[in-house]
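Okay, thanks for making time. I'll put the sequence and the model up, and then we'll walk through the fold piece by piece.

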Amino acid sequence: MSSCRVLAAACVAAGLVPFAAAAESTIKIGFPMPLSGPAAVYGGPITKGAEMAVQEINAKGGVLGRKLELLERDSKASADEAVRVARELIIKDNVDFLVGTLTSAEAPAVSTIAKENKIVFIAPAAKTVQLTSAKNLHPYIFRLASNTDIDGSSGAAIIAEWKDVKRVATIAPDYAYGRDAVAAFVDYMKKARPDIEIVDQQWPKLGQSDFTAFITAQMASRPDAIFCDVFGGDFVTLAKQAGPLGYFKAVNNRLVDGGEVGTTDVAQALGADYPYGIWADAYDPVIWPEGEPPEHKAFVEKLKAFTKEKYASGWAIMGYSAVVALADGIKKAGSTNSDKVAAALLGLSFDTPVGKRTFNAKSHETAMGEFWGQMVKDEHFPFALMKGPKYVAQGPFTN
């Protein structure tokens, strides 16, 4: 008997894992994400997208000869809970990497944990510029999503084109994401249209259940247009309460929302209650009237088959792309060592269903833009669709 076989037999006899079996252990990806509450409108589909990417990669043999394993945890859109489950995933479950979180409260908190434990963390959704600001940037944090500067500039670009608009109001959640997005919006609007006056700003909390006071106060200021960054289930609540009060009608539906309420996820959740005519964004418009990339069409068909849903999600692409990016980083590094993978991710270009994206070697961001368009009725679908989605990577007033 060869020495290798003797060693393997001895390992088995001792109740130990043979080297061959150890080499086949999975690459564990910790995945904290809101799976309950209002934020799950986005968190659930992002998770499904990540699951599909894992399934596809594993079907092709995995990465470095090892299968990927996604360890999902409900972060409940809470920074404290996201930190708790991230620590548990690292210490108890021995994950190799972290991907996930949704809000701009969760991601910076988990980024701190990633830094402490020297583990790569890819944020697929959180937008606050604080996540990768100079004081918070570290070797292990990477952002796939857009950011609040891009949100603000894009919203400003749209409203700036409405020449008869002179009075603008804002409404956004009262934490990093909302505050940063509105600050960027105001800054860029001053450059684009110095004649416009910001007449009102409302700050509901994340998870607000009653928007009535905010709606009536804003209407009293009589704005010509509104910049909104309320998102997910919160926007569903806001829209249902605001419609009967005439909130959207008062501004002739000239409301611009940078919180991805142009997704099929929000559109389906609202159905006939959707405020048709507003302008919104999405990472993936899902339903393209024309010019759909063949890669995207194939992705949507696979996603519908995977989720067994009639209409695909506009958020799944972010979980899917984050896992693809991580897998490409591992391949490039030829290792699951986080220091090596972090180095490999710098400047890495990777494919997504809507085009190639690249992690900037200095900022650790992709500077990903979003598709923008006016939300309209379509007789072929029981929910609002984005008319003529246009990809906007940066607003014209960024520099």
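Let's begin with one bridge pair: M375 has M386 in β14 as its bridge partner. That pair belongs to a ladder where strand β13, residues 370-376, is joined to β14 by six bridges, with the two strands running antiparallel. And before I go on, keep in mind that this is a predicted model.

Zooming out, β13 and β14 are part of an open sheet of seven strands, and the order goes β7-β6-β8-β9-β10-β13-β14, with mixed pairing. Who sits on the edges? That would be β7, residues 197-202, and β14, residues 385-392, each of which pairs on one side only. From one strand to the next, the twist averages 20°.

At the β7 end we have a helix to look at. Helix α7, residues 176-192, lies across β6, β7 and β8, and it runs at about 175° to β7.

While we're in this area, have a look at Q218, which is in helix α8, residues 212-220. Buried or exposed, what do you think? Well, Q218 has a relative accessible area of 0%, so it's buried. If you skip the neighbours within four places in sequence, Q218 touches A169, T170, I171, D200, Q202, P223, I226 and Y247.

Right, on to the other sheet. This one is open too, with five strands in the order β2-β1-β3-β4-β5 and parallel pairing. β2 and β5 are at the edges with a single partner strand each, so one side of each has no neighbour in the sheet. On average, neighbouring strands here are turned by 20° against each other, ignoring direction.

Now the pairings. Strand β1, residues 27-33, and strand β2, residues 68-74, run parallel and are joined by seven bridges. If you want a spot to click on, M33 stands opposite D74 in β2. Over at the other edge, strand β4, residues 121-123, pairs with β5 in the parallel sense over three bridges, and there I122 stands opposite F142 in β5.

How do we get from β1 to β2? Through helix α3, residues 40-59: β1, α3 and β2 make a right-handed β-α-β unit. In α3 there's a glycine I'd like to point out, G44. Its relative accessible area is 23%, so G44 counts as partly exposed. Sequence neighbours within four places aside, G44 is in contact with P34 and L35. Also, the C-alpha atoms of G44 and G319 are separated by 9.8 Å, although the two residues are 275 apart along the chain.

Which helices lie across this sheet? Among them is α4, residues 79-91, which lies across β1, β2 and β3 and runs at about 145° to β2. Then there's α13, which lies across β1, β2, β3 and β4, at about 155° to β3.

Last stop, a helix pair. You describe two packed helices by the angle between their axes and the distance between the axes. For α13, residues 316-333, against α14, residues 338-345, that's an angle of about 110° with the axes 8 Å apart. Angles of 65 to 115 degrees count as roughly perpendicular, so that's what α13 and α14 are to each other. On the α13 side the contact uses A325, L326, G329, I330, K332 and A333, and on the α14 side K340, V341, A344 and L345. By type, the residues of that contact are seven nonpolar, one polar and two charged.

That's my tour, so over to you.

Definitions and conventions
Residues are numbered from 1 along each chain as its sequence is written. This is a predicted model: local features need pLDDT of at least 70, side-chain atom pairs count only at pLDDT 80 or more; totals for chains, interfaces and linings use all residues. Side-chain values use heavy atoms; hydrogens and water are left out. Axes are lines fitted to C-alpha atoms, for helices over the stretch in contact, and angles run from 0 to 180 degrees between N-to-C directions. Helices (H or I, at least four residues) and strands (E, at least two) are DSSP runs, numbered from the N terminus. Angles under 35 degrees count as roughly parallel, over 145 as roughly antiparallel, 65 to 115 as roughly perpendicular and the rest as oblique. Contact means heavy atoms within 4.5 Å. Ala, Val, Leu, Ile, Met, Phe, Trp, Tyr, Cys and Pro count as nonpolar, Asp, Glu, Lys and Arg as charged, and the others, Gly among them, as polar. Two strands pair if DSSP finds at least two bridges between them. A crossover is right-handed if, with the strands pointing away from the viewer, the path from the first strand over the helix to the second runs clockwise. Buried means under 20% relative accessible area, exposed over 50%, partly exposed in between (1.4 Å probe, protein chains only).
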